[in-house]
Amino acid sequence: MVEADLETLDPQDWVAMRSLAHQMVDDAFTYLETVRERPVWQDIPAEVTHALQEGVPLEPQGAEQAYQDFKTHVMPYPLGNIHPRFWAWYMGNGTVMGALGDFLAAVTNSNMAGADHAGMLVEGQIVEWCREMLDFPANASGLMVSGASMANLVGLAVARNVHAGADVRSEGMAAVPRPLIFYSSAEVHSCHQKAAELMGLGSRALHKIPVGHDYKIDVAALAEAIRADREAGAEPFCVVGNAGTVNTGAVDDLQALADLCDRENLWFHVDGAIGGLLTLSPKLKPLVAGIERADSVALDFHKWLHVPFEAGMALVRNESAHRHTFSLTPEYLQHATRGVAGGEVWFSDYGVELSRSFKALKVWLSLKEHGVRKYGRLMEQNVAQAHYLAELVEREAQLERLAPIELDIVCLRFNPGGLDDDALNSLNRELLMRLHESGVAVPSYTTLKGRYCLRVAISNHRSTFEDFDVFVLETLRLGHQLLEEGFHITIAGS
Ligand SMILES: *Cc1c(COP(=O)(O)O)cnc(C)c1O
């Protein structure tokens, strides 16, 4: 093969590619600037689904064509969480700077496994900033991960290895003398059960403790469960506190849980996916008092901080325990003292992944752009909007609030009166689907004490107060439409 035959993936025409890139940026900015004018969500037309089932492209279609296909088939049909009236599950909107950060991370394309390059210092800064924001000690360790599911797994794995009473890394779970048990409220996120299954503990090792009317863990019931489990020969090792539950946003009494863990010599882990960074608001910070006493915390930047997916953080008080859970250094990954293989911290020593993306960059750029106090104010804004929506619901005789408002989550249902819970459940299920199809607003759903709710989770920096007026009007309109159609009579008779 001669020089002239060599191929590369770089553009053949840099000028044309640069102009296409500028077009992409222009289109992207227009798309975000006008997001409010479009439906939150819309059904994908059959021809689009068909177009996205093409066979593997063997020959070049070209950058222009590839981009055109994205623009026609993908860009118009997003999940919708960039929209001001998307309040489903618990997500963030993303930001312009965050998006550019992902682009720049890909341009430098540094692998964040380890080695000596500036990207490692950037992720080091994010870890340091998290320590400061949570009042954690300076020698705590941290690792950026895809999100809180992974961050919770990391924290729980360290907790398990510290408390197993055996060398789990070499001997496995079979060597553990007594069954390991960990605890959380019945409102805990499902990722903790996944973690229990994955770590070889089994899902039954997660004991779910009842909550009170406020959906917070019953601490006395927890203490009693720990006592009973010990008496039965098991080994309680960890308590997971919720800084914002996914159903209702309830924050457990983290001080009481920290006290209990101190007394009982248990690992205290906090799932802070939603509210871990409430510390950024002086007003809301008291709600999560005690989080600074945790042994490990899981955080999500892609939720209330609106960094584009994915970006989470596992923070562990005991750096050595963290490293000893994950570090494994074969000869081809030995760290050097100089040269590119130098560098003090290798993140691959603190988690499962070796090759890692430079997701720290979009977080770093975002926090520098706005300053963290603004994020605190945005949280307060969303909490105020949750209370505003709750007032609107209070005022409407045919709407019913189904849970207390602690943070930014409102659970409600359409209740015209005279229907039992089963009928109301079916009615509200249909109402929610019609609301989604209307494209006007997208809340999600949950079931509390057997009652199906529309669940409005307001982690949205684009929502205005008026957006909630629009939502309430549309919910009532669709509810009445269902009644006029006789939907409630059909279901009552079925
Ligand atoms: C979203 C969420 C998780 C899972 O986080 P991911 O970022 O989706 O992996 C865990 N716990 C709580 C309380 C959550 O809200």
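In this short talk I will go through the surroundings of the ligand and then one helix, α13, in a model that is predicted.

Let me begin with the ligand, which is surrounded by 14 residues, and the closest of them are S149, D271, D300, H302 and K303. If we sort this shell by class, we find 5 nonpolar, 6 polar and 3 charged residues. Which helix gives the most to the shell? That is α6, running over residues 148-163, which contributes 3 residues.

Three of the contacts deserve to be taken one by one. In the side chain of D271, an N or O atom is 2.7 Å from a nitrogen atom of the ligand. For H302, an N or O atom of the side chain is 2.8 Å from an oxygen atom of the ligand, and in K303 a polar side-chain atom likewise lies 2.8 Å from a ligand oxygen atom. As for how much of the ligand is covered, the protein takes up 85% of the 380 Å² of accessible area that the ligand has on its own.

Let me now turn to helix α13, which covers residues 372-395 and has 24 residues. From its first C-alpha to its last it reaches 35 Å, which is close to the 34 Å expected at 1.5 Å a residue. Several of its residues are buried, among them Y375, G376, L378, M379, N382 and V383, and, further along, L389, A390, L392 and V393. What do these buried residues pack against? Their partners are the helices α12 (360-370) and α15 (465-484), together with the strands β9 (399-401), β10 (409-414) and β12 (451-457).

How values were computed: Residues are numbered from 1 along each chain as its sequence is written. This is a predicted model: local features need pLDDT of at least 70, side-chain atom pairs count only at pLDDT 80 or more; totals for chains, interfaces and linings use all residues. Side-chain values use heavy atoms; hydrogens and water are left out. Helices (H or I, at least four residues) and strands (E, at least two) are DSSP runs, numbered from the N terminus. The expected span of a helix is 1.5 Å times one less than its number of residues. Buried means under 20% relative accessible area, exposed over 50%, partly exposed in between (1.4 Å probe, protein chains only). Contact means heavy atoms within 4.5 Å. A residue is near a molecule or strand if one of its heavy atoms lies within 4 Å of it. A polar contact is a pair of N or O atoms within 3.5 Å; within protein, one must be able to donate a hydrogen and the other to accept it, and residues adjacent in sequence count only if both atoms are side-chain atoms. Accessible areas come from the Shrake-Rupley method with a 1.4 Å probe; for residues, only the protein chains shown count as cover. Ala, Val, Leu, Ile, Met, Phe, Trp, Tyr, Cys and Pro count as nonpolar, Asp, Glu, Lys and Arg as charged, and the others, Gly among them, as polar.
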